[in-house]
Amino acid sequence: MSARAIPTALGDLRLGFIGGGRHARANLYPSITLAGGHITSVATRSLPTAEESAVRHGAERAHADYRSMLAADDLDAVFVSVDPASHVSIVQDCLAAGLDVFVEKPLGLNAVDARRVADAEAASDGRVMVAFMKRFAPCYLIARELMADTASFGETMSFVSNFAFTTWTDELRDDTFLQLAAIHMVDLTRFLFGEPASVTGFRNSRDADINLAFALRFDSGVVGTLNLAAVPAWRRGHESLTVTGRNGFVTATDLATVTHHVDRPGSTSPWQTLDEDTTVIEAGTSTGSGGERDLYQRGFVGEVAHFLRCVSDGAAPSPSAADNVATMQLVDNLLLAIA
């Protein structure tokens, strides 16, 4: 961490941002503002691009080399969103400067890379948060809360997860699809069900058209399936998760709807009375969102707000670099299952 005292007000944190690509511009820069943060320094590979981003977001300084930003600017934390192949080395440099780091996924392309960063974090004064935003999406937080009410939901038994959208590059393959996109759903299974004990996989991919199916068993006993696809048919995109407990089930659909069903058996036969209770939880719609609704419901604002609070409070953010090692190991195991 820097020698200066860390401000308790989120808006007073001095935040650096490394990167200025489409994802950063569309999702992370605006989410920092919505979460109450303020970017003071921007670094990209091009000084004009950095200066443009700095002007747009009210930053005081712009750099063509992130190393000069780390050395010259008195920062409290850094956001990193660049080419995934560069994440590991950049985060290591940020940690060496004693800074807390929010880094876009994937942090490393395998468990070995991920472990290098976790080791660097353990040896530094900085802390790392990996951007698995689905952990902060309201629909999945609601599902997790409902599952935790075991008196109503019962013991969690199984799940079915679906994730599909269009192929975005002719160079897409099974490994890059898992590492760059479907990793969100992979990490979500760990967030909701714990650590996996075994995985089995099947593939029916055709070059850049990806179709994968996995069966997983977790240490908790929960079993489930991951159905993953990247094909032109899913240009509209779709994701859903259904979790079955002994007494009920919960389904989260396309980040906007949660359906919660509970069986409330009485003393009579089920067809003699009304004892099936289904609740549908949906997001409101309003022009007042100003386009911000997507950033909240996908979890971007939630993850950024969590990181900023941790920086301000001196707390450890989650998911951490160490947590990321387990997610990357699961990605590695899934790829081995379809090899």
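Student: Which backbone oxygen does the side chain of threonine 44 reach?

Tutor: That of serine 46, at 2.7 Å. Keep in mind that this is a predicted model. Threonine 44 sits in the loop between strand S2 (39–43) and helix H2 (47–57).

Student: Is threonine 44 buried or exposed?

Tutor: Buried means under 20% relative accessible area. Threonine 44 has 10%, so it is buried. Leaving aside neighbours within four places in sequence, its contacts are Gly19, Gly20, Thr49, Ala50, His63, Ala64 and Asp65.

Student: Where is serine 320, and what does its side chain reach?

Tutor: Serine 320 is in the loop between helix H10 (300–313) and H11. Its side chain reaches the backbone nitrogen of aspartate 323 at 3.1 Å. With 18% relative accessibility, serine 320 counts as buried. Beyond its neighbours within four places in sequence, serine 320 is in contact with Val128 and Val130.

Student: Let's move to helices. How do I read the two sides of one?

Tutor: An α-helix has 3.6 residues a turn, so residues three or four places apart point the same way. Try that on H5, residues 111–122. Its buried residues are Ala111, Asp113, Ala114, Val117, Ala118 and Glu121. Those residues are on the same side of H5, because they cover an arc of only 160° around the axis. Turned away from that buried side is a face with the exposed residues Val112 and Asp119.

Student: What covers the buried residues of H5?

Tutor: The cover includes helix H4 (87–96), strand S6 (128–131) and helix H11 (321–337).

Student: And which residue caps the N-terminal end of H5?

Tutor: Asparagine 110 does, with a side-chain oxygen 3.1 Å from the backbone nitrogen of valine 112.

Student: Which residues of helix H6 are buried?

Tutor: In H6 (residues 138–148) they are Cys139, Tyr140, Ala143, Leu146 and Met147. Their arc around the axis is only 120°, so they too lie on the same side of the helix, H6. The exposed residues Glu145 and Ala148 are on the face turned away from the buried side of H6. Among the elements covering the buried residues are H8, helix H7 (150–153) and strand S7 (156–165).

Student: How do I use the length of a helix as a check?

Tutor: Compare the expected span with the distance between the end C-alpha atoms. At 1.5 Å a residue, the twelve residues of H5 should span 16 Å, and the end C-alpha atoms are 16 Å apart, so the two agree. Now take H8: a straight helix of 20 residues would span 28 Å, but H8 spans only 24 Å between its end C-alpha atoms.

Student: Where is the kink in H8 centred?

Tutor: On alanine 182, with an angle of about 75°. After H8 comes glycine 194, which has a positive phi, near 95°.

Student: How many residues of H8 are buried?

Tutor: 17 of the 20, so H8 is largely enclosed by the rest of the structure.

Student: What's the idea behind a nonpolar core?

Tutor: In soluble globular proteins, nonpolar side chains tend to be buried together. The largest nonpolar core here has 69 residues, and Val78, Val128, Tyr140, Phe177, Leu178, Phe214 and Leu228 have the most contacts inside it. Helix H8 (residues 174–193) gives the most to this core, with eleven residues. There is also a second, separate core of 28 residues, and Ala77, Phe102, Met133 and Val311 are among its members.

Student: What does tyrosine 140 touch?

Tutor: Not counting residues up to four places away in sequence, tyrosine 140 touches Lys134, Met185, Leu188, Leu192, Glu239, Leu241, Ala252 and Leu255.

Student: Last stop, strands. Which strand holds valine 101, and how far is that residue from phenylalanine 79 in space?

Tutor: Valine 101 is in strand S5 (residues 100–104). It is 22 residues from phenylalanine 79 in sequence and 5.9 Å away in space, C-alpha to C-alpha. Valine 101 counts as buried, at 0% relative accessibility. Its contacts, not counting residues up to four places away in sequence, include Val78, Val80, Val91, Arg127 and Phe307.

Student: And which side chain does aspartate 100 pair with?

Tutor: Aspartate 100, found in strand S5, has a side chain that makes a polar contact with the side chain of arginine 127 (2.7 Å). Aspartate 100 counts as buried, at 2% relative accessibility.

Methods: Residues are numbered from 1 along each chain as its sequence is written. This is a predicted model: local features need pLDDT of at least 70, side-chain atom pairs count only at pLDDT 80 or more; totals for chains, interfaces and linings use all residues. Side-chain values use heavy atoms; hydrogens and water are left out. A nonpolar core is a set of buried Ala, Val, Leu, Ile, Met, Phe, Trp, Tyr and Cys residues joined through side-chain atoms within 4.5 Å. Buried means under 20% relative accessible area, exposed over 50%, partly exposed in between (1.4 Å probe, protein chains only). Helices (H or I, at least four residues) and strands (E, at least two) are DSSP runs, numbered from the N terminus. Contact means heavy atoms within 4.5 Å. The expected span of a helix is 1.5 Å times one less than its number of residues. The arc is that of the directions from the helix axis to the C-beta atoms. A polar contact is a pair of N or O atoms within 3.5 Å; within protein, one must be able to donate a hydrogen and the other to accept it, and residues adjacent in sequence count only if both atoms are side-chain atoms. The bend at a residue is the angle between axes fitted to the seven residues ending there and the seven starting there.
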